[in-house]
Amino acid sequence: MATPGRTLRLLFLCTGNSARSQMAEAALNQRGGGRFVAESAGTEPAARVNPFALDALRDAGIRWEGHQPRGLDALEREEWDIVITVCDHAREACPVFPGHPVVAHWGMTDPAAVEGDPERKRHAFREALQLINQRLDLLLALPAGPLELGVLQDYLRGIGQTSVMRR
């Protein structure tokens with residue numbers, strides 16, 4: 001599975017691929033140090049990336065070099081090392097991927113579902129990105145050497161149990 005010097009391919013899966021999965025992809029690609037290459041997709045892609053997600057990334061100094069929301073069409077035939085669902089609907093709709101990747105669920109509240117004024121929405125996206133970054137901190141703390149599949153699976157699933165820690 002994870003071997004020294006090998007880049008791991010990670011897919012973040014959400015429903016719309018317009019917020020959480022896009023932010024996770026951008027954050028991991030910037031912070032992953034060559035150990036990970038992340039992509040994202042949605043089970044029911046939205047028409048566009050949520051502008052509040054792009055604002056949250058920009059405000060955090062994270063480059064978004066992503067893509068418009070996309071489905072799983074070609075991606076579900078690719079081999080992934082890790083697939084992480086970031087919403088309950090995607091978890092339920094997650095297909096079986098070739099190569100038997102490690103699958104974990106990092107569910108979190110959908111910031112795009114928050115209603116109210118723009119400041120309230122911005123706050124929801126900042127909190128979602130904070131949780132994503134805290135979980136990525138734990139992912140990036142993994143040793144770079146070989147990892148037994150079951151240990152990796154348990155560790156990644158445990159990360160999904162973490163909740164936002166106020167700074």
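Axes here are lines fitted to C-alpha atoms, for helices over the stretch in contact, and the angle between two of them runs from 0 to 180 degrees between N-to-C directions. With that in hand, the packing of helices in this predicted model can be followed pair by pair, once the overall layout is clear.

The protein contains 5 helices and 4 strands. Along the sequence these elements follow the pattern β-α-β-α-β-α-β-α-α, and the chain has 167 residues, of which 47% count as buried. The accessible surface of the protein is about 8,300 Å², and carbon and sulfur atoms account for 51% of that surface. Contacts can also be sorted by how far apart the partners are in the sequence. Among contacts between residues at least 6 apart in sequence, 72% join residues at least 24 apart.

Two helix pairs show how the elements are arranged. Two packed helices are described by the angle between their axes and the distance between the axes. The first pair to consider is α4, residues 118-140, with α5, residues 149-159. Their axes come within 10 Å and cross at roughly 160°. Angles over 145 degrees count as roughly antiparallel, and α4 and α5 are therefore roughly antiparallel to each other. The crossing of α4 and α5 is right-handed. On the α4 side the contact is made by R135, L138 and L139, and on the α5 side by Y155, L156 and I159. Sorted by class, this contact has 5 nonpolar residues, 1 charged residue and no polar ones.

Helix α4 also packs against α1. The axes of α1 and α4 are 10 Å apart, and the angle between the helices is about 45°. An angle of that size falls outside the ranges for roughly parallel, roughly antiparallel and roughly perpendicular, so α1 and α4 are oblique to each other. The crossing of α1 and α4 is right-handed. From α1 the contact draws on R20, M23, A24, A27, L28 and R31. From α4 it draws on F125, A128, L129, I132, N133, L136, D137, L139 and L140. By class, the contact of α1 with α4 has 11 nonpolar, 1 polar and 3 charged residues. L139 of α4 takes part in the contact with α1 and in the contact with α5.

Single residues fill in the picture. A26 is found in helix α1, and at 7% relative accessibility A26 counts as buried. Leaving aside neighbours within four places in sequence, A26 is in contact with L57, I62, R63 and W64. The C-alpha atoms of A26 and A38 are separated by 7.7 Å, with their positions 12 residues apart along the chain as the spacing.

N50 lies in the loop between β2 (36-42) and α2 (51-59). With a relative accessibility of 16%, N50 counts as buried. Beyond its neighbours within four places in sequence, N50 is in contact with S18, A112 and F125. F125 is also one of the α4 residues in the contact with α1.

H123 belongs to helix α4. Its relative accessibility is 41%, and H123 counts as partly exposed. H123 and F52 are 71 residues apart along the chain, and their C-alpha atoms are separated by 9.4 Å. Another pair of this kind is Q161 and W106, which are 55 residues apart in sequence and 7.1 Å apart in space, C-alpha to C-alpha. Q161 is placed in the segment after α5, and with a relative accessible area of 65% Q161 is exposed.

Two loop residues stand out by their backbone angles. Most residues other than glycine have a negative phi. N17, in the loop between β1 (8-14) and α1 (20-31), has a positive phi near 55°. H100, in the loop between α3 (88-93) and β4 (102-105), has a positive phi near 50°. Are these two residues buried or exposed? N17 counts as buried, at 0% relative accessibility, whereas H100 is exposed, with a relative accessible area of 65%.

Definitions and conventions:
Residues are numbered from 1 along each chain as its sequence is written. This is a predicted model: local features need pLDDT of at least 70, side-chain atom pairs count only at pLDDT 80 or more; totals for chains, interfaces and linings use all residues. Side-chain values use heavy atoms; hydrogens and water are left out. Helices (H or I, at least four residues) and strands (E, at least two) are DSSP runs, numbered from the N terminus. Angles under 35 degrees count as roughly parallel, over 145 as roughly antiparallel, 65 to 115 as roughly perpendicular and the rest as oblique. A crossing is left-handed if the near helix is turned anticlockwise from the far one by less than a right angle, and right-handed if clockwise. Contact means heavy atoms within 4.5 Å. Ala, Val, Leu, Ile, Met, Phe, Trp, Tyr, Cys and Pro count as nonpolar, Asp, Glu, Lys and Arg as charged, and the others, Gly among them, as polar. Buried means under 20% relative accessible area, exposed over 50%, partly exposed in between (1.4 Å probe, protein chains only). Accessible areas come from the Shrake-Rupley method with a 1.4 Å probe; for residues, only the protein chains shown count as cover.
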